[in-house]
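User: I am new to this structure. Please take a close look at one part of it, the metal site, and then add a helix for contrast.

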Amino acid sequence: MKSKAAVLHEVGKPIEIEEVDINGPKAGEVLVRYTHAGMCHSDLHLQQGDLPARLPIVLGHEGAGVVEEVGPGVTRVAPGDNIVCSFIPSCGTCHWCATGQQAICDLGATILEGNLPGDRWPITGWAGQYGAMCMLGTFSQYGVIHQNSAVKIDGDIPLQQASLVGCGVPTGWGAAVNTADVRPGDTVIVYGVGGIGSNAVQGARFAGAKNVIAVDPLANKQENALQFGATHAVSTAAEARDLAIELTRGVGATSAILTAGLVDEQQVSDGFDAISKGGTLVVVGVSPMTEPTIHLSGAMLTLFKKTVKGTVFGDCNPTTDIPKLLGLYQNGDLKLDELVTKTYSLKQINEGYEDLVNGELTRGIIVHDH
Ligand code: CXF
Ligand code: ZN
């Protein structure tokens, strides 16, 4: 079948909208009619060359839609089901899935190559075989994905809001609730308050943090942070550190969460310095892959018993945590409506990413037409 899709052909070049061919689902695969796709910064990392990927690739890894057709052996979903796509697949049987750590499922290793298990390339176009970002390619009207990436959700949840729970929400929320393990009374600093940071803020607050200090140079992002439950919003890391010390009578932050689109050495050092003895620094945003980006005092790490942790998908398990997060939304405990600053049509995608770069968006959403 034909589908309009947003394709990256070359690093540094605009994303192109073109018609691609989607070849139907084979064993274990699912044909999805995507309705909504979130515009995460990571797609831009591919376009800007900060994350290496096999090109050409259909971008988009946050999305929701409706199952149109399933291939042989598919048991997780059925035609007509509403689903959220998880940017991390969960095979259910690798060492990591079997020990409750689906966020690091072995199948995650090839998400930037974009082919499905078994070396399947279900998307073709004028430039040959196309990959799909995170094996999803949600910036397309239709996609063939593996059932390992599809999570069935209740039919009464709006798909626009649901799409956010495929990347940004679990990544930010889980970084606070799971990785930093925020406890009642904690003081938490969240650096960067975009699509990930807003959710780290709401996760920290929901977990009972007494003080949630949001750091962002942009005034609109600071306002945004307060809306998601931050108790304080400041412009610089130095202000955040001083404030954490003041609010805790000299102790410092229990945890610090780095959510910027690209994490650099300075941010890591700032976060490490702001946490108290016994504190935890969580690195969520990716760093350039080709160079070492963290240099810290080993003596401080040891003698102050600090912890530095990485996290992917907020240490959430897609199959159980995606429905759980949507349940919190239905209950009024998780804000999703407020995350969406603006919606775009597929052909407005470059404009949308310009808005993101200009700091105008918490999340932009592509609304597909069919
Ligand atoms: C990213 C992490 C690096 C690979 C692509 C997805 N996570 C969320 O945006
Ligand atoms: Zn993402």
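Analyst: Start with the zinc ion (ligand 2). Its protein donors are C40 (SG), H61 (NE2) and C167 (SG), which lie 2.0 to 2.2 Å from the ion. The model is predicted. The site has four donor atoms, with angles of 99 to 126° among them. Its geometry is tetrahedral, because four donors count as such if all angles lie between 85 and 135 degrees.

Now follow the chain. The donors are spaced C-x20-H-x105-C. H61 and C167 are 106 residues apart, so this pair links distant parts of the chain. H61 sits in the loop between strand 4 (57-58) and strand 5 (63-70). C167 sits in the loop between helix 3 (159-163) and helix 4 (168-179).

Are these two donors buried or exposed? H61 has 1% relative accessibility, so it counts as buried. C167 has 5%, so C167 counts as buried too. The cut-off for buried is under 20%.

Next, the helix. Helix 6 spans residues 219-227, and its buried residues are K221, Q222, N224 and A225. They cover an arc of only 160° around the axis, so they lie on the same side of helix 6. A general rule helps here: an α-helix has 3.6 residues a turn, so residues three or four places apart point the same way.

The face turned away from the buried side carries the exposed residues A219 and E223. Cover for the buried residues of helix 6 includes helix 5 (197-206), strand 12 (211-215) and strand 13 (232-234). After helix 6 comes G229, with a positive phi near 110°.

Methods: Residues are numbered from 1 along each chain as its sequence is written. Chains are lettered from A and ligands numbered from 1 in the order in which they are written. This is a predicted model: local features need pLDDT of at least 70, side-chain atom pairs count only at pLDDT 80 or more; totals for chains, interfaces and linings use all residues. Side-chain values use heavy atoms; hydrogens and water are left out. Donors are N, O and S atoms within 2.8 Å of the metal (3.2 Å for Na, K and Ca); water is not among the atoms, so sites may look incomplete. Four donors count as tetrahedral if all angles lie between 85 and 135 degrees; four count as square planar and six as octahedral if opposite donors are over 155 degrees apart and all others between 65 and 115; anything else is irregular. Helices (H or I, at least four residues) and strands (E, at least two) are DSSP runs, numbered from the N terminus. Buried means under 20% relative accessible area, exposed over 50%, partly exposed in between (1.4 Å probe, protein chains only). The arc is that of the directions from the helix axis to the C-beta atoms. Contact means heavy atoms within 4.5 Å.
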